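This report looks at a few local features of one protein model. The sequence and the structure come before the text.

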Amino acid sequence: MTEELHGSALDTLTTWAPPTPGQCALREAYLGFLLAREDACRRACLPGHLTASAIVLTADASATCLVHHRIVQAWLQPGGHLEDDVSLAEAALREAREETGLPGLRIDPVPLHLDVHPITCRGSGPTRHFDVRFLAVADAAAPSVSDESNDVRWFGLGELPDLFDEVHELLALGVERLTHG
């Protein structure tokens, strides 16, 4: 991973206008973490590391494509670790493409939401993911299942499976941005 990604993450979060005071406070914590840790974008950073994900919606905001994560055993937005990406948005787009197989995904480069959650990554002990979440838009093409998922499918927004509260919040933010700019 390059210094370019670290610098890009700092720029992205510095210029982002969080939607709530809680998200503003979390952004400041992310910025402090990035300033304190040159390795904050690397999976090997065991106190925690940045990750990127994207809530995938149809252009008319009527459906979302979710993945049933093999390890977490829950329906989630696609996302994961940063690799040789140039930006957080590029990482979120790459992960969404890899995990859904959807053609023509388009990403909004402005973050929607931040979330920190404890997790055990493969090959390491307990850590934290400092997830930066984006909005991706796709045509309702048939998705394909990756090695990381049990299932991938489209859900109408009125027919959602059981979801973590933060996924509901992310969906609401994505629909709001897509329908009201």
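The text below covers one helix and then some backbone angles. The model is a predicted one.

**Helix α4**

Helix α4 runs over residues 165-180 and has 16 residues. At 1.5 Å a residue, α4 should span 22 Å, and its end C-alpha atoms are 22 Å apart, so the two values agree.

The buried residues of α4 are V167, L170, L171 and G174. They lie on the same side of α4, because they cover an arc of only 100° around the axis. D165 and H180, on the other side of α4, are exposed. The cover over the buried residues of α4 includes the strands β1, β2, β3, β5 (106-120) and β6 (126-138). After α4 comes G181, which has a positive phi near 70°.

**Positive phi in two loops**

Two residues that are not glycines are set out in the table.

| Residue | Phi | Place | Relative accessibility |
|---|---|---|---|
| A61 | about 60° | loop between β1 (49-58) and β2 (63-69) | 9% |
| Q73 | about 60° | loop between β2 and β3 (75-76) | 48% |

Is A61 buried or exposed? A61 counts as buried because its relative accessibility is 9%, and the cut-off for buried is under 20%. Q73 is partly exposed, with a relative accessible area of 48%. The strands β1 and β2 on either side of the A61 loop are also among the elements that cover the buried residues of α4.

How values were computed:
Residues numbered from 1 in each chain as written. Predicted model: local features only at pLDDT ≥ 70, side-chain atom pairs only at ≥ 80, totals over all residues. Heavy atoms only, no water. Helix = DSSP H or I, 4+ residues; strand = E, 2+ residues; numbered from the N terminus. Buried < 20%, exposed > 50% of the residue type's maximum accessible area, 1.4 Å probe, protein only. Expected span 1.5 Å × (residues − 1). Arc of directions from axis to C-beta. Contact = heavy atoms within 4.5 Å.
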